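Me: I want the labels on this fold justified, not just listed. Can we go through them one by one?

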Amino acid sequence: MRTAALHNLGCKVNYYETEAMRELLENAGYEIVDFHDKADVYVINTCTVTNIADRKSRQMLRRARKLNPDSVIVAAGCYVQNADRNGFANDDLSYVDIIIGNDEKTKLIRALDELFKSREEAVDGCVGDVRYVDGIDGSGAIEEMVVTGQKDRSRVFLKVEDGCDMFCTYCVIPYVRGRVRSSSPENIIKSIHNLEKTGCKEVVLNGIHLSSYGKDIGTNLLSLLRLVDSEVSNMRIRLGSLEMSYITKESALGMAELKSICPHFHLSLQSGCDTVLKRMGRRYDTEGFLEKIEILREYFKKPAFTTDIICGFPGETDEEFEKTREFVRKVGFFDVHVFPYSRRAGTRADRMEGQLPEAVKKERVRILMDDVAVLKKEYEDSLLGTEVHVLIEEKKSIDNVLASFGHSERYLEVYSNTAIEDEIISGCLKRDKFGKLWVQE
């Protein structure tokens, strides 16, 4: 029996696709081993959202080769898709045996079979690599990748959409993921039923541009959520990143009426300054963003808001950065993923004047993260004494005592001394002597 190891880089959509490839390998008779073990096959699902993601992708591919020089190295996903788009001009992937782009990952077993067969028939050891990298224009249907279970059973990710039509000035993702393509409601419900049978308690619906779900197949995200809610019994539904266009009074009311939806919304912001948003090619301003926040607060009790912020976008002045800080505080986000701007070849932002030094970008990230730490504690404190429902996910040590950790419906990390994994417990939210959140059942 051949062995295979997988490593995922990047977003939750990538994570789902990695799990799908894991199942393909298992169904084909491969034994899955830890990535740091010696394996016959290494599959790295790559990312290209930033220069750092590119570097990590290359590092993991080289690490796999060092772990077993005789293994088959498979590079899949966004990094190789982008490298192919640029003609592999700046990327040396000669040490990779199989290259699989986006929308081609279901061909993994076919590619492995082809390579192993060519090695058996090789003369003088000459074996060519195997490449499945096609351009993505979004004209075809989504590549349906079925996952019947995931190694982290309690909370699982489910990809329901791929691609993006926004083409923001800084982003390469539409070029490597293509246009919006949606999974059929029937396939989504089938996947959810499969996950429910494994004991899954929470599904996170994800997509590259989740808010656009259904635009290509004559439906929309709210219709999908209503269908999913009607099909699940003892399961929570959490949403991935949402765009402002989806939030309306109708969609907020519709979601609030559903029993399974978690009151946690990740709303893509990127900057809290209107002039920077305009240069980014974002299709909203801060006033409109705040209106959407208030709509959700009208229909949900103390909803948790998280977002993404890019610091140091080309031309960002000190005054523009301060406006972002002020806006983040005004919204009162529970948490923020803060990133330094990363230049991506082929995007409009890469050609803009006013590229900032890395030191300036990193300092702004640090300052904003300090702001967010204060906001996070303020939001957590506002919920102390209220009842929370915590999905227990793992065991961790607190002061040398093993405790059960998980996340509440608003995505607060909470622990319990008595709870067992893969269960949802309810109780009063408190803070212990270490400052950590815990639940008293």
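What follows is a set of questions on helix packing, sheets and cavities in a predicted model.

Me: Why are α1 and α4 called oblique to each other?

Reply: Helix α1 (residues 12-27) and helix α4 (residues 108-120) pack at an angle of about 50°. Angles under 35 degrees count as roughly parallel, and 65 to 115 as roughly perpendicular. The value fits neither range, so α1 and α4 are oblique. Their axes are 9 Å apart.

Me: What makes the contact of α1 with α4 nonpolar, polar or charged in class?

Reply: Met21, Leu24 and Leu25 in α1 meet Leu108, Ile109 and Leu112 in α4. Met, Leu and Ile count as nonpolar. By class, that contact has six nonpolar, no polar and no charged residues.

Me: Why are α7 and α8 called roughly parallel?

Reply: Helix α7 (residues 221-231) packs with helix α8 (residues 249-256) at an angle of about 10°. Angles under 35 degrees count as roughly parallel. The label therefore holds for α7 and α8. Their axes lie 10 Å apart.

Me: Which residues meet in the contact of α7 with α8, and how do they divide by class?

Reply: From α7 come Leu222, Leu225 and Arg226. From α8 come Glu250, Ser251, Gly254 and Met255. Leu and Met count as nonpolar, Arg and Glu as charged, and Ser and Gly as polar. The contact of α7 with α8 thus divides into three nonpolar, two polar and two charged.

Me: What makes β8 and β10 edge strands?

Reply: The open sheet has four strands in the order β8-β7-β9-β10, with mixed pairing. β8 (181-182) and β10 (236-239) each have a single partner strand, so one side of each is left without a neighbour in the sheet.

Me: How do you know that β7 and β9 pair?

Reply: Two strands pair if there are at least two bridges between them. β7 and strand β9 (residues 202-207) have six bridges, in the parallel sense. Glu161 stands opposite Gly207 in β9.

Me: What makes β11 and β14 the edges of the other sheet?

Reply: This open sheet of four strands has the order β11-β12-β13-β14, with parallel pairing. The edge strands β11 (241-242) and β14 (335-340) each pair on one side only.

Me: How do you know that β13 pairs with β14?

Reply: Pairing takes at least two bridges. Six bridges join strand β13 (residues 304-311) to β14, and the two run parallel. The bridge partner of Ile309 is Val338 in β14.

Me: Where does helix α10 lie?

Reply: Helix α10 (residues 286-299) lies across β12 (264-267) and β13. Against β12, α10 runs at about 170°. Angles over 145 count as roughly antiparallel.

Me: How many cavities of 30 Å³ or more does the structure hold?

Reply: The structure holds two. The largest has a volume of about 90 Å³. The second largest has about 30 Å³.

Me: Which element gives the most to the lining of the largest cavity?

Reply: α6 does, with three residues. Both β7 (155-162) and α6 (185-197) give two or more. Among the lining residues are Tyr16, Met145, Leu158, Asn187 and Ser191. By class, this lining has six nonpolar, three polar and three charged residues.

Me: What lines the second largest cavity?

Reply: The lining residues are Phe167, Cys168, Thr169, Cys171, Tyr175, Thr347 and Arg348. Phe, Cys and Tyr count as nonpolar, and Arg as charged. The lining of the second largest cavity has four nonpolar, two polar and one charged residues.

Technical notes: Residues are numbered from 1 along each chain as its sequence is written. This is a predicted model: local features need pLDDT of at least 70, side-chain atom pairs count only at pLDDT 80 or more; totals for chains, interfaces and linings use all residues. Side-chain values use heavy atoms; hydrogens and water are left out. Contact means heavy atoms within 4.5 Å. Axes are lines fitted to C-alpha atoms, for helices over the stretch in contact, and angles run from 0 to 180 degrees between N-to-C directions. On a 1 Å grid over the protein atoms alone, a cavity is a set of points where a 1.4 Å probe fits but cannot get out, and a pocket is an open set with protein on both sides within 12 Å along at least five of seven lines; lining residues have an atom within 4 Å of a point. Grid points are joined across faces, edges and corners, and a volume is the space filled by probe spheres set on the points.
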